[in-house]
Amino acid sequence: MSSGLKKKYFVSNLPKDTTPEQVSEFFTKAGAEVLQVIIPLRKSGQRARYAFATVAFQAEDQVLKYGKHRINGGEAVLKSMLAEGQDSSAEKLNVHKLFIRGLPDDVDETHIRDSFIQYGPIVSVEVVRDTNGAPRGFGFVEFKKRHSVRKASVQRNYVNGVEVLVAPKVANKTKNVAKDASLRLREEAGDPNVSARKLDKKQASKLARKKKRRAEALKKVQQQRERLKQQREEALQL
């Protein structure tokens with residue numbers, strides 16, 4: 001059956017201590033042949049609450065139609081990522097850049113280049129760093145050819161001996177702030193650093209109005225205090 005349609009899923013909202021075997025069991029019951037399940041390990045040694053699953057179907061993909069996505073007693077969230085043999089989102093949108101998450105603390109650009117050069121010619125490599133110059137755990141690789149992004153996205157990848165997560169960096173072409181594929185994955189994985197970037201214009205406007213009302217209410221209270229103070233002073237002078 002592995003000669004059929006192959007797809008990769010991002011599985012989030014997993015209960016704590018969910019094992020690859022439990023994720024595999026869900027896909028098997030949905031009629032898929034499980035080729036690979038990856039649940040990354042956090043720095044603490046605990047399993048992450050999300051996974052990547054590569055599966056194969058003999059005919060139509062039935063996973064997203066398979067009732068509630070119950071895994072290890074909880075209801076997981078599934079996102080279809082890439083289908084082998086079909087145009088990926090990266091190729092459709094002419095994406096050449098790959099987002100990499102989970103980089104080790106001692107990583108540099110050379111480590112990343114050595115790990116991803118197998119997928120094709122590389123234009124640039126970036127390790128995102130903090131104000132002190134220390135790596136923040138994620139970075140980007142820009143390939144010369146877009147199909148290199150698809151090839152890297154469906155494989156298991158390691159940088160300097162540590163397994164990392166990858167996703168095509170897809171930019172939204174609208175006038176609003178773009179939300180790329182890597183950001184969506186981080187949101188679904190429960191990354192708290194993303195929450196501040198989730199505010200859209202409507203939410204920001206609502207918060208601004210609320211802040212303005214509070215400022216006006218405070219101003220009224222201060223004015224009332226001033227009037228009372230003035231009245232007391234006038235009463236003492238009588």
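Which residues of helix α1, which covers residues 20–29, are buried? Please keep that question in mind while you look at the structure, which is a predicted model. The buried residues of α1 are Val23, Ser24, Phe26 and Phe27, and when we look down the axis of the helix these residues fall within an arc of 155°, so they line one face of α1. On the other side of α1 we find Glu21 and Lys29, and these two are exposed. After the helix comes Gly31, a residue whose phi is positive, near 95°.

Let me now step back to the chain as a whole. It has six helices and 11 strands, and of its 238 residues, 37% count as buried. If we take the contacts in the chain with a separation of 6 or more, 65% of them are between residues that lie 24 or more positions apart. The accessible surface of the chain comes to about 15200 Å², and 47% of that surface belongs to carbon and sulfur atoms.

Next, the sheet that I would like you to find. This is an open sheet of five strands, in the order β8-β9-β7-β11-β10, and the pairing is antiparallel. At the edges stand β8, residues 122–129, and β10, residues 157–159, each with a single partner strand, so one side of each is left without a neighbour in the sheet. Neighbouring strands of this sheet are turned against each other by 35° on average, if direction is ignored. As a general reminder, the strands of a sheet pair through backbone hydrogen bonds, either parallel or antiparallel.

Let us follow β7, residues 97–101, and its pairings. With β9, residues 135–143, it pairs in the antiparallel sense over five bridges, and there Lys97 has Glu142 as its bridge partner, while Leu98 has Val141. With β11, β7 pairs in the antiparallel sense over four bridges, and in β11 the bridge partner of Leu98 is Pro168.

What lies across these strands? Helix α3, residues 109–116, lies across β7, β8, β9, β10 and β11, and it runs at about 135° to β8.

That brings me to the nonpolar side chains. In soluble globular proteins, nonpolar side chains tend to be buried together. Here the largest nonpolar core has 17 residues, and those with the most contacts inside it are Ile100, Ile112, Phe116, Val141 and Phe143. At least two residues of this core come from each of β7, α3, β8, β9, α4 and β11, and β8 gives the most, with three residues. Apart from this core lies another one, of 16 residues, among them Tyr9, Val37, Ala76 and Leu78.

Take Phe143 as an example from the first of these cores: leaving aside its neighbours within four places in sequence, Phe143 is in contact with ten residues you can look up, including His96, Leu98, Phe116, Tyr119 and Val149. Finally, His96 itself sits in the loop between α2, residues 89–92, and β7. His96 counts as partly exposed, at 24% relative accessibility. Again leaving aside neighbours within four places in sequence, the contacts of His96 include Val141, Glu142, Lys144 and Arg146. His96 and Arg150 are 54 residues apart in sequence, and from C-alpha to C-alpha they are 9.3 Å apart in space.

Key: Residues are numbered from 1 along each chain as its sequence is written. This is a predicted model: local features need pLDDT of at least 70, side-chain atom pairs count only at pLDDT 80 or more; totals for chains, interfaces and linings use all residues. Side-chain values use heavy atoms; hydrogens and water are left out. Buried means under 20% relative accessible area, exposed over 50%, partly exposed in between (1.4 Å probe, protein chains only). The arc is that of the directions from the helix axis to the C-beta atoms. Two strands pair if DSSP finds at least two bridges between them. Axes are lines fitted to C-alpha atoms, for helices over the stretch in contact, and angles run from 0 to 180 degrees between N-to-C directions. Contact means heavy atoms within 4.5 Å. Accessible areas come from the Shrake-Rupley method with a 1.4 Å probe; for residues, only the protein chains shown count as cover. A nonpolar core is a set of buried Ala, Val, Leu, Ile, Met, Phe, Trp, Tyr and Cys residues joined through side-chain atoms within 4.5 Å.
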